[in-house]
Amino acid sequence: MPDAELVLRSTRVITPDGTRAASVTVAGGTITAVLPYDAPLPGGARLEDLGDDVLLPGLVDTHVHVNDPGRAEWEGFWTATRAAAAGGITTLIDMPLNSLPPTTTVEHLRTKRRVAADKAHVDVGFWGGALPDNVEDLRPLHEAGVFGFKAFLSPSGVDEFPHLDRERLARSLAETASFGGLLIVHAEDPHRLAAAPQHGGPKYADFLASRPRDAEDSAVAHLVEQARRRDARVHVLHLSSSDALPLIAAAKAEGVRVTAETCPHYLTLTAEEVPDGASEFKCCPPIREAANQDLLWQALADGTIDCVVTDHSPSTADLKTDDFSTAWGGISGLQLSLPAVWTEARRRGHGLDDVVRWMSAHTARLAGLDGLKGAIAPGRDADFAVLAPEETFTVDPAALQHRNRVTAYAGRTLYGVVRSTWLRGRRVVGDGEFTEPGGRLLTRPR
Ligand SMILES: [Zn+2]
């Protein structure tokens, strides 16, 4: 194999050692070297000169609900992976629920892989699901290559994916710990939710009161305690309550194997600005107050929160009614996550390298993909996003690749235009033109 078939050159390349002018050489879909900007072009290599546009590692989004098969009218592998590519995401890991079947047995995993196979414009992996009655399926799923297991501690929103009570959580954790697996958890305490006022209707304040912070705090505390007791590896999904941050920080300091993520909507939207009846803003746990948001940003900066993932969870428009208690709970944001987070990060004085750490390096590490993804470094897959970070655009739902174009970001002006996205050295989208799907179905590296 030659040293380089392709060279991407930019005055701003984001590498693990900082941002600098460089020429990145690619052969066989892998990064072979990061050379000085003006290094002579290796013989036979094609040059892609990106000028001042930023070259960053393709994002790794470990929290996406593709809903295919079974609820493909909500999203689907074709549209989800095109939206991902358009947004600079080169790897996504699909959540085990909302598809029918859910990814809770090896047979179901095979079905999902079959459906995804010809539709993936980016690389796709799968989480398994931990249900009250499938403990004996966890190890076979682990061996079949799922990246870990998702569990709910409160009702999930779909009947076929019941939540774990405390006894079942303990049993699932004992099982995943026995083979070194990862349990990723929707942490809201069902008893605290049941005790909260449930008014229903279109008022956002009522919805927010129905999903209080203490429901998250109590569930996170219990999860951390279980992880400590069993030395099990756990990950807190979509953290919204800043009140849970001190106990996560303390657990980490103590050596408990816990990590946490938050989402673009918690970092960029606030409860104060959600219009009544606007259920495109509904998700669980909910978008909270501006003061809460400030603390989430602080926790990203100090490492208490490890990563930012979309929790892209769309539905058809008819399920997004104006009653917050019955509308589908999920925010659609796959294609917009990079510009949304970058816009707010920039405003708060963070660099694009911070965004890359939260949305690519750390998510790759969470999934155990850090030998392959998440950095511009020799030996990694040549997955890139090319971004014009100072350029702005106004979100036009009609320009989204999502199957359903309901979005909480409509009309917002965001910084960061994704010029092109590259997967293993091949441009998968550039100037709005997509190539044929060439994504791979990933299994957890051993
Ligand atoms: Zn989710």
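Biologist: Which residues does UniProt list for "domain: Amidohydrolase-related"?

Modeller: Keep in mind that we're looking at a predicted model. The UniProt entry behind this name is an unreviewed one. Over the stretch in question, the chain is 34% helix and 18% strand. UniProt gives the range as residues 54–428.

Biologist: And how far apart are the domain centres in the domain assignment?

Modeller: The assignment splits the protein into domain 1, made of 6–55 + 381–434, and domain 2, made of 58–366. Their contact takes 28 residues from domain 1 and 40 residues from domain 2. Going by C-alpha centres, domain 1 and domain 2 lie 26 Å apart.

Biologist: Which strand gives the largest share of the side of domain 1 that touches domain 2?

Modeller: Four strands each supply at least two residues of that side: β2 (18–27), β15 (384–394), β16 (413–423) and β17 (426–430). One of them provides 6 residues, the largest share, and that's β16.

Biologist: What does β16 pair with, and in which sense?

Modeller: With β15 there are 8 bridges, and A388 has V417 in β16 as its bridge partner. With β17 there are 4 bridges, where T421 is partnered by V429. So β16 pairs with both β15 and β17, and the sense is antiparallel.

Biologist: Which residue in the turn between β16 and β17 has a positive phi?

Modeller: These two strands form a hairpin, with 2 residues between them. The phi in that turn is about 45°, and the residue is R424.

Biologist: Let's look at the open sheet; which strands are at its edges?

Modeller: Strands of a sheet pair through backbone hydrogen bonds, either parallel or antiparallel. Here 6 strands line up as β9-β10-β11-β12-β13-β14, with parallel pairing. An edge strand pairs on one side only, which picks out β9 (128–129) and β14 (307–308).

Biologist: What is the bridge partner of F149?

Modeller: Strand β10 covers residues 149–152, and 4 bridges join it to β11, residues 182–186. The two strands run parallel. Within β11, the partner of F149 is L183.

Biologist: At what angle to β11 does α4 run?

Modeller: Helix α4 takes in residues 166–178 and lies across β10 and β11. Its 13 residues reach 18 Å from first C-alpha to last, close to the 18 Å expected. Relative to β11, the helix runs at about 150°.

Biologist: What covers the buried residues of α4?

Modeller: The residues to cover are L169, S172, L173, E175, T176 and A177. An α-helix has 3.6 residues a turn, so residues three or four places apart point the same way. The cover includes α3 (135–143), β10, β11 and α7 (213–230).

Biologist: Which residue just after α4 takes a positive phi?

Modeller: Helix α4 spans residues 166–178. Just after this helix, a positive phi of about 70° turns up at G180.

Biologist: Is S241 buried or exposed?

Modeller: S241 is found in the loop between β12 (233–236) and α8 (245–254). Counting C-beta neighbours inside 10 Å gives 25 for S241. The cut-off for a buried residue is 20 or more. Because of that count, S241 is buried.

Biologist: Which residues does S241 touch, leaving out those up to four places away in sequence?

Modeller: For a sense of distance, A290 is 49 residues from S241 in sequence and 12 Å away in space, C-alpha to C-alpha. The residues that S241 touches are R213, E216, D217 and P285.

Note on methods: Residues are numbered from 1 along each chain as its sequence is written. This is a predicted model: local features need pLDDT of at least 70, side-chain atom pairs count only at pLDDT 80 or more; totals for chains, interfaces and linings use all residues. UniProt positions are given in the numbering used here, feature names are shortened, and annotations may be inferred rather than shown by experiment. A residue is buried if 20 or more other C-beta atoms lie within 10 Å of its own, exposed if 12 or fewer, and partly exposed in between; C-beta atoms are placed from the backbone. Two residues are in contact if their C-beta atoms, placed from the backbone, lie within 7 Å. Axes are lines fitted to C-alpha atoms, for helices over the stretch in contact, and angles run from 0 to 180 degrees between N-to-C directions. The expected span of a helix is 1.5 Å times one less than its number of residues. Domain bounds come from an automatic or database domain assignment.
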